[in-house]
Amino acid sequence: MSTLSFESLCLEDNEPVPPSEPEDDEDEFDKDLEAGENEKSNKEMSTVEVYMQACKLVGVVPVSYFIRNLDSQTMTLTHHGLGPQGCKALAIALVTDMNINTLHLGDNCIQGEGAKYLAEMLRANFTIQHLDLSNNHLRSVGAEFVAKMMAENISLKSMKLSGNGFVDNDAKYFAEALSTNSRIKELDLSHNEFCGRGGEHLGQLLANNDGLEVLDLSWNHLRMKGAVAFCAGLKVNMMLKHLDLSWNGLGNEGALAMGEALKFNNTLAYLNLNNNRLTNEGVSMLCRGLEFNDTLRILMLAYNALTVEGAMALVNVVKNMPKTALEVINICNVLVNENFVRLLEVTCQDHPGLDVQYGGVGGFIAKKPPKRVDPMKIIQDYLDQRKLRLWDFFRNIDKDGTMRVPVADFRKAIQQSNIPLTQFQIEELIHRLDRDRTGVVDYRGLADTRKQMVRDHRRQLRRVESRQKKEKQKSDRILKTFQSAVEAVTPRSSMVISPGGAKEDSSGPQPFSATPLSSWHHIVMSSSSRYSITNLSNEHVHLPMLGSSRHYHPTTSTGMRSYSQPNLSADSPHHTTKKSISAQGIHSDPEMGHSKLSPTANSLTRSRPALNSKQTDGKFKGKKRKKKKPKKYASKKPIQTVK
């Protein structure tokens with residue numbers, strides 16, 4: 001079977017022209033006119049002829065819609081069942097086409113083989129600018145061919161690749177391709193299977209690409225580490241304006257990372273987070289980033305687990321931030337109350353363009369009802385305030401001193417006292433003290449009830465502390481992952497953000513710049529938030545000025561003291577060749593302080609003024625005495641044992 005190539009199907013464009021016999025001038029003029037008319041007709045029919053011959057050689061039925069609409073700039077061939085071979089015939093016909101700029105091939109099952117033919121076609125065709133390959137079962141094989149085509153093509157501006165079964169490893173191909181291609185402005189990768197590792201590659205895509213403006217990643221699985229890594233790339237992106245992350249299940253972890261990214265991103269205008277398992281807590285984390293963002297205009301948060309509390313947090317952000325750009329907030333499934341409506345009216349007075357889409361009026365604040373307070377705890381607090389003992393309280397009720405009182409007397413005494421107990425709480429306490437229904441309350445049972453109350457209260461406190469500790473560890477773990485992801489994209493993104501950064505000056509405090517991504521941990525994102533990032537390992541050490549006359553008091557650290565000790569052995573022949581050592585243990589240039597120090601000053605005593613000779617002699621003598629005592633004692637002891 002003969003192989004089909006593009007060169008062989010370009011028809012008469014590349015065929016050699018046979019030598020013509022010399023003729024008269026008039027005949028040549030007439031033939032030139034006829035040839036011009038024939039070339040014009042062949043040019044109009046060339047794409048059809050190529051397509052018909054390609055279908056005949058490949059063995060597929062031609063698509064009549066394609067033949068009828070060749071004059072249109074938009075070719076829509078969705079749901080035509082082309083398959084790989086039909087796509088091959090179409091690709092051969094489009095090699096020489098100069099009219100079609102938008103090609104829709106969705107739902108044709110072209111698979112990876114068809115993607116290969118289209119990639120070869122786009123090497124020669126520079127007219128197609130918009131390509132739709134959604135729902136074609138491209139898989140990993142097709143992803144590799146499409147990514148290669150994206151890296152080489154110079155005409156494509158938008159691509160739709162949704163529903164092709166791409167997995168995490170396939171995202172690497174797109175990240176590499178778009179790191180060098182800045183001409184593609186719109187990319188649709190929705191309805192695929194990108195998870196954790198895929199989120200990391202897509203974060204690299206955002207960090208390294210400087211042309212993409214619209215990105216659709218809805219209906220994927222970007223959660224936990226994948227969501228955090230993707231948001232790290234969004235933090236340093238400088239071009240993206242439209243981002244769709246709906247139906248991904250980001251959760252509160254992703255909301256925390258997104259809030260941190262929005263603090264620095266100053267280009268995003270549309271953000272869709274519909275149906276991402278966000279709660280009121282996640283929205284509060286997101287609001288911390290919105291407080292610093294002045295470019296986001298549309299925020300979609302529909303179909304999340306939000307209540308009036310989360311809705312009011314969003315409106316409060318707009319109310320408290322005069323420079324905010326938010327115009328549309330979609331929370332269409334949230335029922336609000338009258339307090340929210342009043343707050344929205346007050347906010348709209350300062351921001352008349354704000355449009356909040358909510359479900360209706362009739363909601364409530366989703367706060368848990370207060371837990372039942374132990375009546376014994378109320379009694380104990382009452383006694384503590386008055387500095388009374390439980391025995392004093394019971395003795396006032398027990399007039400006979402039998403350590404037992406009737407239930408009626410106990411109830412009457414509590415009701416007449418100022419103890420803030422309701423009738424229900426009093427009956428509950430009596431039921432606990434008189435479980436056998438004997439009608440008598442004794443002191444031993446009251447004391448045991450108090451002990452049980454103390455144990456329950458301590459257990460509850462430990463449970464609350466444990467939950468808070470776990471939440472803090474979880475948020476720290478998320479931010480640590482976010483920080484490592486930001487540092488992973490540092491080399492390329494730092495060059496994009498600030499090509500000519502200033503050199504570091506160690507003489508004074510350095511102002512924070514968004515250029516080096518590794519400096520993320522050098523600032524506090526939010527001083528009032530426990531989710532802020534600080535470099536806890538960076539301990540500031542105050543060094544003395546070289547020209548200062550004040551004495552330097554070293555810290556209590558043994559390591560610090562050992563580095564700041566003066567050179568006691570000044571006569572050592574090696575002291576002139578050694579470099580000075582700072583308080584942090586870093587070797588500094590010995591020539592840097594010669595202009596400020598006297599010629600006779602020792603370079604190793606810069607971190608501390610030199611001691612007097614008397615003091616040094618005294619220290620040497622003291623050390624010798626301490627060393628001689630144990631030696632003499634050790635020398636006498638074995639002699640006595642021998643005798």
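These exercises work through the sheet and two of its helices in a predicted model.

**Exercise 1. Lay out the sheet**

Task: State in what order the strands of the open sheet run, and which are the edge strands.

Solution:
- Step 1. Take the order. The sheet is open and holds 11 strands, E1-E2-E3-E4-E5-E6-E7-E8-E9-E10-E11.
- Step 2. Take the sense. The pairing is parallel.
- Step 3. Find the edges. E1 (74-76) and E11 each pair on one side only, and these are the edge strands.
- Step 4. Add the twist. From one strand to the next it averages 5°.

**Exercise 2. Count bridges**

Task: Find how many bridges join E7 to E8, E9 to E10, and E10 to E11.

Solution:
- Step 1. Start with E7 (residues 242-244) and E8 (residues 270-272). They pair in the parallel sense over three bridges. Within this pair, Leu243 has Leu271 of E8 as its bridge partner.
- Step 2. Move to E9 (residues 298-300) and E10 (residues 328-336). Three bridges join these parallel strands. Ile298 is partnered by Val328 in E10.
- Step 3. Finish with E10 and E11 (residues 355-361). Six bridges join them, again in a parallel run. Here Val336 has Val361 of E11 as its bridge partner.

**Exercise 3. Trace the crossovers**

Task: Name the helix in each β-α-β unit that includes E10, and give the handedness of the unit.

Solution:
- Step 1. Go from E9 to E10. Helix H11 (residues 308-320) completes this unit, which is right-handed.
- Step 2. Go from E10 to E11. Helix H12 (residues 338-350) completes this unit, also right-handed.
- Step 3. Place H11 against the sheet. H11 packs on the sheet and touches E9 and E10. The direction of H11 makes about 150° with that of E10.

**Exercise 4. Describe the helix pair**

Task: Decide whether H11 and H12 are roughly parallel or roughly antiparallel, then describe their contact.

Solution:
- Step 1. Read the geometry. The two helices pack at an angle of about 15°, and their axes lie 10 Å apart.
- Step 2. Classify. Angles under 35 degrees count as roughly parallel, so H11 is roughly parallel to H12.
- Step 3. Give the hand. The crossing of H11 past H12 is left-handed.
- Step 4. List the residues. H11 supplies Val308, Ala311, Met312, Val315, Asn316, Val318 and Lys319. H12 supplies Phe340, Leu343, Leu344, Val346 and Thr347.
- Step 5. Sort by character. The contact residues divide into nine nonpolar, two polar and one charged.

Technical notes
Residues are numbered from 1 along each chain as its sequence is written. This is a predicted model: local features need pLDDT of at least 70, side-chain atom pairs count only at pLDDT 80 or more; totals for chains, interfaces and linings use all residues. Side-chain values use heavy atoms; hydrogens and water are left out. Two strands pair if DSSP finds at least two bridges between them. Helices (H or I, at least four residues) and strands (E, at least two) are DSSP runs, numbered from the N terminus. A crossover is right-handed if, with the strands pointing away from the viewer, the path from the first strand over the helix to the second runs clockwise. Axes are lines fitted to C-alpha atoms, for helices over the stretch in contact, and angles run from 0 to 180 degrees between N-to-C directions. Angles under 35 degrees count as roughly parallel, over 145 as roughly antiparallel, 65 to 115 as roughly perpendicular and the rest as oblique. A crossing is left-handed if the near helix is turned anticlockwise from the far one by less than a right angle, and right-handed if clockwise. Contact means heavy atoms within 4.5 Å. Ala, Val, Leu, Ile, Met, Phe, Trp, Tyr, Cys and Pro count as nonpolar, Asp, Glu, Lys and Arg as charged, and the others, Gly among them, as polar.
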